[in-house]
There are 2 protein chains.
Amino acid sequence: LDEFQLTARYFAPLAREFPGAFGLLDDAAIFSPGAGNELVLKTDTIVAGIDFPPDELPHFVARKALRVNLSDLAAKGAVPRAYLLDLILPKNTDEAWIAGFAAGLADDQAEYGVHLLGGDTSSTSGPITVAITAIGEVRVGRMIRRNGARHGDIVFVTGTVGDAALGLEVLRGKSMASDSTDAEYLVGRYRLPQPRTMLGPRLIGIANAAIDVSDGLVADLHHICTVSRLSAFVDAVQIPLSRAARSIVTRESGCLATALTGGDDYEILFTAHPDATPAIRQLSQAVGVPITNIGRISALSGGEQPRVTVLDDERSLQLRSEGWTHFSTT
Amino acid sequence: LDEFQLTARYFAPLAREFPGAFGLLDDAAIFSPGAGNELVLKTDTIVAGIDFPPDELPHFVARKALRVNLSDLAAKGAVPRAYLLDLILPKNTDEAWIAGFAAGLADDQAEYGVHLLGGDTSSTSGPITVAITAIGEVRVGRMIRRNGARHGDIVFVTGTVGDAALGLEVLRGKSMASDSTDAEYLVGRYRLPQPRTMLGPRLIGIANAAIDVSDGLVADLHHICTVSRLSAFVDAVQIPLSRAARSIVTRESGCLATALTGGDDYEILFTAHPDATPAIRQLSQAVGVPITNIGRISALSGGEQPRVTVLDDERSLQLRSEGWTHFSTT
């Protein structure tokens, strides 16, 4: 199959319902935000052997590539709308792989209400590489920024933290889950992010600052602190852990640090005024996602640099690193 | 340097003048088209060893990656505005390479008036890979489509055709330019596309259908014919060749076919009503780019499939292939 046949068979169906994609039969796509809205744009790449195991099923590769981008949109309060795809494949990739990949996209398009706008397929002598540019919408001027945190804000996080990092440890045989159900749950959280796309847009008017947890809880909170020129204190005992994660953390030393600094959670970390607490509790119930108070934001004292302190039983927890940075760690 | 330091040093300066990029210090960017405009979106990837030589200078890699996308926007009549970048690099890439790459982007941002909106850097065990998503604007509903060609239209092409394909042949030692000046010119046309961004938007209201010549003149004209449900006839002697290309074509048999089917011209191929000819001549003079009548568009006779016939001295020229498709040729 050449590029045109591939496009017609597997990718054009993903663009069918979006008029501006022109059935992938033109050079470019058209997009207009709705009246009073502006576009929120995000691009992220995943690479085999770095961001997912080389033998990962294509269905999961596709959905992970899309979801890591949707997670950023969610953290900004944007409603996801569409995406563009750059699919870079080894020359020997078979059609079944591509069919599985397209099926994964189709499933997630249905789940998240997004459409393929356009794309490009390339061949490579290297590993499978998927770059996606996702497009969402927010009301003009309402995107939730990283830099809006204020002194006195409470730090909240959605869902549970550390599952994906521990799932990767389990996958690598470095940690042991209590049983196969726990192992499956944790590995599943690593393989397939659950972007908080329903919750994110409802944080507008509540959250002062937000980010999705992809580099690791501490690193991502540090990002908020750096651009907001503030510091944060996190209470380790308040970190929301799943039952499966808690079981490992209580048995294996160092695993709490893994949970706090491991990447790939794809939860939303945000700060809000204490007065917003009832609205946050209500929102949590409405969408069925736990939202946990894990710490607070504090002004810098003279000359202090923005930093994140994790308090464990009143002691400051020493972490070897704050989290994932692509060029220094794999 | 980790990803954050790289971003701060080399990429944040490229986003400085675009407020919606937030200095690359947020998770996502904001973009709004101007009043009465809509966005035109295009993504394309280039891979070392496939789309450019593995030892290509980073300055050229950056500009090629950007320009292949700007060329698509130009062919659609869009004014380029911004882009997102996915930069996927081998782990041993040194800082000088990244500095050269960023400098190439800076030069082209100045030349084309575009801004970096956001991006992602990843590491790979494979070759250098650059995916760019470019964003332009057109008046609502005015994008020049591929499918607008009509029976009786004249086929026009900007600039000269075949230089890049012959430049690649020269680079590979398969063809010989007349002298070093010619060789340099042809190789330059391969290394660095010249997207017709000034001309493209002025084709709105003139061109009925347009595409940029990236797969090869015949293949790209075929794309127009397929979606317009028409056929085309191209007069080989009318094909605009540069002096350097003509010198090879007259000496080496097969090189006319290379010029007609080779990719990477990044000229605009369009069709227009014969009455538009004076306006096209005027436009050509105004922007200082030749625009040549190379053939005509014709209705399909009963049962006929859309096709492109190249007439050379009244005989139909037999071409082994129509052009470049990524998965069947390198």
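Eight salt bridges are counted between chain A and chain B, a salt bridge being a side-chain nitrogen of Lys or Arg within 4 Å of a carboxyl oxygen of Asp or Glu. This is a predicted model, in which local features need pLDDT of at least 70, side-chain atom pairs count only at pLDDT 80 or more, and totals for chains, interfaces and linings use all residues. Residues are numbered from 1 along each chain as its sequence is written, chains are lettered from A and ligands numbered from 1 in the order in which they are written, and side-chain values use heavy atoms, leaving out hydrogens and water.

Let's start with Asp27(A), which has two partners in chain B.

| Residue in chain A | Partner in chain B | N to O distance |
|---|---|---|
| Asp27(A) | Lys76(B) | 2.8 Å |
| Asp27(A) | Arg146(B) | 3.3 Å |

In the pair with Arg146(B), Asp27(A) sits in the loop between H1 and strand E1 (29–31) of chain A, while Arg146(B) sits in the loop between strand E5 (129–139) and strand E6 (154–158) of chain B, so the pair joins two chains. Helices (H or I, at least four residues) and strands (E, at least two) are DSSP runs, numbered from the N terminus. Over all chains, the count comes to 32 salt bridges.

Now for the interface as a whole. Chain A and chain B each give 65 residues to the contact, where contact means heavy atoms within 4.5 Å. About 5,300 Å² is buried between the two chains, 60% of it on carbon and sulfur atoms; buried area is the accessible area (1.4 Å probe) that two parts lose on being put together, summed over both.

How are the two chains related? A turn of 180° with a shift of 0.0 Å along the axis lays chain A on chain B with an RMSD of 0.0 Å, using least squares on the C-alpha atoms of residues with pLDDT of at least 70 in both. That is the relation of a two-fold axis. Within chain A, Gly126(A) comes closest to the rotation axis, its C-alpha lying at 1.8 Å. The copies meet through the same surface, because 100% of the interface residues of chain A are also interface residues in chain B.

Inside chain B, there is a helix contact to look at too. Asp182(B), Tyr185(B) and Leu186(B) of H5(B) touch Arg243(B), Ala244(B), Ala245(B), Ser247(B) and Ile248(B) of H7(B).
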